[in-house]
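Here is a short tour of one protein fold, written for someone who likes to check every statement against the coordinates. Keep the viewer open as you read.

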Amino acid sequence: MAAEPFRPRAMLRVLVENNVDFVVVGGVAGSARGSAYVTHDLDIAYSRQPDNLERLAAVLDTIEARLRNAPADLPFRPDAATLAAGAHFTLDTSLGPLDLLDRPDGSPPYAELLRRAGDPLTVDGVPVAVASIDDLIAMKEATGRPRDRVVASELRMLADEIREAEG
């Protein structure tokens with residue numbers, strides 16, 4: 001099956017419209033915070049409260065979520081019970097790649113990640129929680145991947161510029 005075009009704004013809109021409690025992390029969050037690096041998937045951290053898992057599962061059904069790089073005949077049902085039993089899911093959807101992370105490496109617990117995100121940022125008229133630049137740096141550094149170290153370095157420079165401008 002061919003990969004669907006990556007439509008992060010549409011994904012964010014459907015998550016918000018369905019009242020899913022989440023924080024944008026990863027490359028889309030970096031871009032929202034000023035990074036020049038391009039990403040090709042949407043990474044979100046999500047609340048594991050049962051009612052939120054129900055709403056998230058409904059969205060996953062709507063956007064035809066399926067496990068990425070899994071055999072086509074592997075049974076996968078992205079319902080609330082499945083989400084509760086797992087923690088990280090890499091998915092392909094009708095709106096492109098989506099990664100669900102209950103607690104990304106290097107991040108604080110969800111409630112703290114959400115609090116530190118601060119005021120929502122507006123993406124196409126939709127308010128979304130975006131991880132703070134300091135949490136993004138910590139997450140990028142925690143992966144240990146060379147490309148993430150480069151992005152963390154850029155984010156550190158952006159954070160310094162922001163602090164200087166606010167200072």
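Two strands are said to pair if DSSP finds at least two bridges between them. With that in hand, a first example: Val 25 has Asp 43 as its bridge partner in E2. Please bear in mind that this is a predicted model.

**The sheet**

Five strands make up an open sheet with mixed pairing, in the order E1-E2-E5-E4-E3. E1 and strand E3 (66-67) stand at the edges with a single partner strand each, so one side of each has no neighbour in the sheet. The pairings can be laid out as follows.

| Strands | Bridges | Sense |
|---|---|---|
| E1 (residues 22-25) and E2 | four | antiparallel |
| E2 and E5 | four | parallel |
| E4 and E5 | six | antiparallel |
| E3 and E4 | two | antiparallel |

Individual partners help to fix the register. Between E2 and E5, Leu 42 has Leu 98 as its bridge partner, and Ile 44 stands opposite Leu 100. Moving on to E4, Asp 92 stands opposite Pro 97 in E5, while Arg 66 stands opposite Asp 92. E4 and E5 also form a hairpin, with two residues between them.

How buried is strand E2 (residues 42-46)? Five of its five residues are buried, so E2 is largely enclosed by the rest of the structure. In a regular strand, side chains alternate between the two faces of the sheet. Both faces of E2 are covered: Leu 42, Ile 44 and Tyr 46 are buried on one side, and Asp 43 and Ala 45 are buried on the other. E5 is mostly covered too, with six of its six residues buried.

**The largest pocket**

The largest pocket has a volume of about 670 Å³. It is lined by 28 residues, and the closest to its centre are Gly 26, Asp 43, Lys 140, Arg 145 and Asp 148. Asp 43 is thus a link back to the sheet, as the bridge partner of Val 25. By type, the lining divides into 10 nonpolar, 10 polar and eight charged residues. Helix H2 (26-32), strand E4 (88-93), strand E5 (96-101), H6 and helix H7 (146-166) each supply at least two residues of this lining.

**Lys 140 and helix H6**

Lys 140 is found in helix H6 (residues 133-143). Is Lys 140 buried or exposed? Its relative accessible area is 14%, and because the cut-off for buried is under 20%, Lys 140 counts as buried. The side chains of Lys 140 and Asp 148 are joined by a polar contact of 3.3 Å. Leaving aside residues up to four places away in sequence, Lys 140 touches Gly 26, Gly 27, Asp 148, Val 151, Ala 152 and Leu 155. Gly 26 and Asp 148 appear again among the residues closest to the centre of the largest pocket.

Lys 140 has company in the helix: the buried residues of H6 are Ile 133, Asp 135, Leu 136, Ile 137, Met 139 and Lys 140. Their cover includes E1, H2, helix H5 (110-117) and H7. Just after H6, Gly 144 takes a positive phi of about 75°.

**Arg 156 and helix H7**

Arg 156 is found in helix H7. With 36% relative accessibility, Arg 156 counts as partly exposed. Beyond residues up to four places away in sequence, Arg 156 touches Ile 137 and Glu 141. Arg 156 and Ile 133 are 23 residues apart in sequence, with a C-alpha to C-alpha separation of 8.1 Å.

**Two loop residues with positive phi**

Most residues other than glycine have a negative phi. Which phi does Glu 64 take? The value is near 55°, which is positive in a residue other than glycine. Glu 64 sits in the loop between helix H3 (50-62) and E3, and it is exposed, with a relative accessible area of 54%.

Asn 69 has a positive phi of about 60° although it is not a glycine. Its place is in the loop between E3 and helix H4 (80-85). At 79% relative accessibility, Asn 69 counts as exposed.

Methods. Residues numbered from 1 in each chain as written. Predicted model: local features only at pLDDT ≥ 70, side-chain atom pairs only at ≥ 80, totals over all residues. Heavy atoms only, no water. Buried < 20%, exposed > 50% of the residue type's maximum accessible area, 1.4 Å probe, protein only. Polar contact = N/O pair within 3.5 Å; in protein donor to acceptor, adjacent residues only side chain to side chain. Contact = heavy atoms within 4.5 Å. 1 Å grid on protein atoms, 1.4 Å probe; cavity = no way out; pocket = protein on both sides within 12 Å on 5 of 7 lines; lining within 4 Å. Points joined across faces, edges and corners; volume = space filled by probe spheres on them. Nonpolar A, V, L, I, M, F, W, Y, C, P; charged D, E, K, R; others polar.
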